[in-house]
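This report describes selected structural features of one protein chain. It proceeds from side-chain interactions to strand pairing and then to individual residue environments.

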Amino acid sequence: MHNIVGVNSGHKTENGVYRSRGLWVHPNYRNNGLSRKLLEQTMIQAQLENCTFIWTMPRATSLYAYEKVGFGKIGEWTNKYEFGPNCIAIHQLL
């Protein structure tokens, strides 16, 4: 039996733009670099789909994981969504 310890999803939102969403790592496996690996794989997929930017809406408690791989917060925090507060964070792909 295999257990899921982390996930992230993504999809192209428009020409040259990709969205990362749903990053989650099981609490027992956090602080082991798994979020970094998941985000790096999502960025690779975005590049394979010819995207130059990737964006996300992380929770305040998760922003640091995105910043570690190069995302930068833009705009203000919002509580508009169910799992807030959230912000927009973007990263330019090479």
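## Salt bridge

The salt bridge count comes to one. The model under consideration is a predicted one. The bridge is formed by glutamate 40 and arginine 36, whose closest N and O atoms are 3.7 Å apart. This separation satisfies the criterion because a side-chain nitrogen of Lys or Arg has to be within 4 Å of a carboxyl oxygen of Asp or Glu.

Both partners belong to helix α1, where glutamate 40 and arginine 36 are four residues apart, about one turn of the helix. Glutamate 40 has a relative accessible area of 33% and is therefore partly exposed. Arginine 36 is likewise classed as partly exposed, because its relative accessibility is 35%.

## Aromatic pair

The count of aromatic pairs comes to one. Tyrosine 66 and phenylalanine 71 form this pair, with 5.3 Å from centre to centre and 85 degrees between the planes, an edge-to-face arrangement. The angle leads to this label because planes over 60 degrees apart count as edge-to-face.

Are the two rings' residues buried or exposed? Tyrosine 66 is buried, because its relative accessibility is 4%. Phenylalanine 71 also counts as buried, with a relative accessibility of 4%.

## Strand pairing around β5

Strand β5 comprises residues 86-92 and pairs with strand β3, residues 53-56, in the antiparallel sense over four bridges. Within this pairing, isoleucine 54 of the chain stands opposite histidine 91 in β5.

Strand β4, residues 72-78, is also joined to β5 by four bridges, and these two strands run antiparallel. Here isoleucine 74 has isoleucine 88 in β5 as its bridge partner.

## Two buried helix residues

Threonine 42 is located in helix α1, which spans residues 34-48. Its relative accessibility is 8%, so threonine 42 counts as buried. Beyond residues up to four places away in sequence, threonine 42 touches Asn8, Ser9, Tyr18, Ser20 and Ile54. Ile54 among these contacts is the residue that stands opposite histidine 91 in β5.

Leucine 63 is part of helix α2, residues 63-67. With a relative accessible area of 8%, leucine 63 is classed as buried, because the limit for that class is under 20%. Apart from neighbours within four places in sequence, leucine 63 is in contact with Pro58, Lys73, Trp77, Cys87 and Ala89. The C-alpha atoms of leucine 63 and asparagine 86 are separated by 8.8 Å, and the two residues are 23 residues apart along the chain.

## Valine 7 and a nonpolar surface patch

Valine 7 is found in strand β1, which covers residues 6-14. Which exposure class applies to valine 7? The residue counts as partly exposed, because its relative accessibility of 36% falls between the limits of 20% for buried and 50% for exposed.

When neighbours within four places in sequence are left aside, valine 7 is in contact with Gly22, Leu23, Trp24 and Leu38. Trp24 also joins valine 7 and Ile4 in a nonpolar patch on the surface, and the three together have about 290 Å² of accessible area. Between valine 7 and histidine 91, 84 residues apart along the chain, the C-alpha separation is 19 Å.

Methods
Residues numbered from 1 in each chain as written. Predicted model: local features only at pLDDT ≥ 70, side-chain atom pairs only at ≥ 80, totals over all residues. Heavy atoms only, no water. Buried < 20%, exposed > 50% of the residue type's maximum accessible area, 1.4 Å probe, protein only. Contact = heavy atoms within 4.5 Å. Patch = residues over 30% accessible without salt bridge, like charges linked within 9 Å, V, L, I, M, F, W, Y side chains within 5 Å. Areas by Shrake-Rupley, 256 points an atom, 1.4 Å probe, with all protein chains shown as cover. Phe/Tyr/Trp six-rings, centres within 6.5 Å; stacked < 30°, edge-to-face > 60°. Pairing = 2+ DSSP bridges.
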